[in-house]
Amino acid sequence: VMCSYNKVYGEHACQNSRILKDLLRRDLGFKGFVMSDWGATHDGKASVLGGLDVEMPAGKYVKDISASFGTDPRLAPAVDEMATHVLTSMYYVGQFDG
């Protein structure tokens, strides 16, 4: 799924946990990964915690969260979830079959 530039409930869609985690994953049961539209990420840390899995095109904001790992214990589990969503999707479609 690709999140968009617009705001939903007053928050950018790519960092909005109400739509990415609550609605998409919990309520609708989505098991894949969420990718931002090109340039739709506005805050790396908020996007990671909000449910974004892949920032496009180059990880401009998400790459800067490493400095926050020591100060925010929510980041490591969130990054683990990101990797799980992406790698599980790749496995499901046979990307690791050689």
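**View A. Asp27 and Arg26 meet in a salt bridge.** In this predicted model, the side chains of Asp27 and Arg26 come together with N and O 2.9 Å apart. Arg26 has a second partner in Asp22, and there the closest N and O atoms are 3.7 Å apart. Put together, these shared partners join Asp22, Arg26 and Asp27 into one network. Asp22 and Arg26 both sit in helix α1, four residues apart, or about one turn of the helix. How exposed is Arg26? Its relative accessibility is 58%, so Arg26 counts as exposed. Asp27, at 48%, counts as partly exposed, and Asp22 is partly exposed too, with a relative accessible area of 30%. A search of the whole structure turns up five salt bridges, and this view takes in Asp22 with Arg26 as well as Asp27 with Arg26.

**View B. Arg25 pairs up with Asp53.** This is another salt bridge, with the closest N and O atoms 2.7 Å apart. It links distant parts of the chain: Arg25 belongs to helix α1, while Asp53 is in the loop between α2 (44-50) and α3, 28 residues apart. Are these two partners buried or exposed? Arg25 has a relative accessible area of 16%, and because the cut-off for buried is under 20%, Arg25 is buried. Asp53 comes in at 7%, so Asp53 is buried as well.

**View C. His85 touches both partners of that salt bridge, Arg25 and Asp53.** His85 is part of helix α3 (residues 75-92). Leaving out residues up to four places away in sequence, the contacts of His85 are Arg25, Gly32, Phe33 and Asp53. With a relative accessibility of 14%, His85 counts as buried.

**View D. Cys3 and Cys14 form a disulfide.** The two sulfur atoms are 2.0 Å apart, and the count for the model comes to one disulfide. The link is right-handed, with 110 degrees about the S-S bond. It ties together distant parts of the chain: Cys3 is in strand β1 and Cys14 is in the loop between β3 (11-12) and α1, 11 residues apart. Both cysteines are buried.

**View E. The largest nonpolar core has nine residues, and the disulfide partners Cys3 and Cys14 are among them.** The other members are Ala13, Ile19, Leu20, Leu24, Val34, Ala40 and Leu52. Which element gives the largest share of this core? Helix α1 (residues 17-27) does, with three residues. For a bit of background, nonpolar side chains tend to be buried together in soluble globular proteins. Ala40 is a handy residue to click on here: not counting residues up to four places away in sequence, Ala40 touches Cys3, Ser4, Tyr5 and Cys14. There is also a second, separate core of seven residues, including Val48, Leu49, Ile65 and Met82.

**View F. Met2, Tyr5 and Trp38 make a nonpolar surface patch.** The patch covers about 330 Å². Where does Tyr5 sit? Tyr5 is in the loop between β1 (2-3) and β2 (7-8). At a relative accessible area of 41%, Tyr5 is partly exposed. Tyr5 also turns up among the contacts of Ala40, and Ala40 itself is one of the residues of the largest nonpolar core.

Definitions and conventions: Residues numbered from 1 in each chain as written. Predicted model: local features only at pLDDT ≥ 70, side-chain atom pairs only at ≥ 80, totals over all residues. Heavy atoms only, no water. Core = buried A, V, L, I, M, F, W, Y, C linked by side-chain atoms within 4.5 Å. Buried < 20%, exposed > 50% of the residue type's maximum accessible area, 1.4 Å probe, protein only. Helix = DSSP H or I, 4+ residues; strand = E, 2+ residues; numbered from the N terminus. Contact = heavy atoms within 4.5 Å. Patch = residues over 30% accessible without salt bridge, like charges linked within 9 Å, V, L, I, M, F, W, Y side chains within 5 Å. Areas by Shrake-Rupley, 256 points an atom, 1.4 Å probe, with all protein chains shown as cover. Salt bridge = Lys/Arg side-chain N within 4 Å of Asp/Glu carboxyl O. Disulfide = S-S within 2.5 Å.
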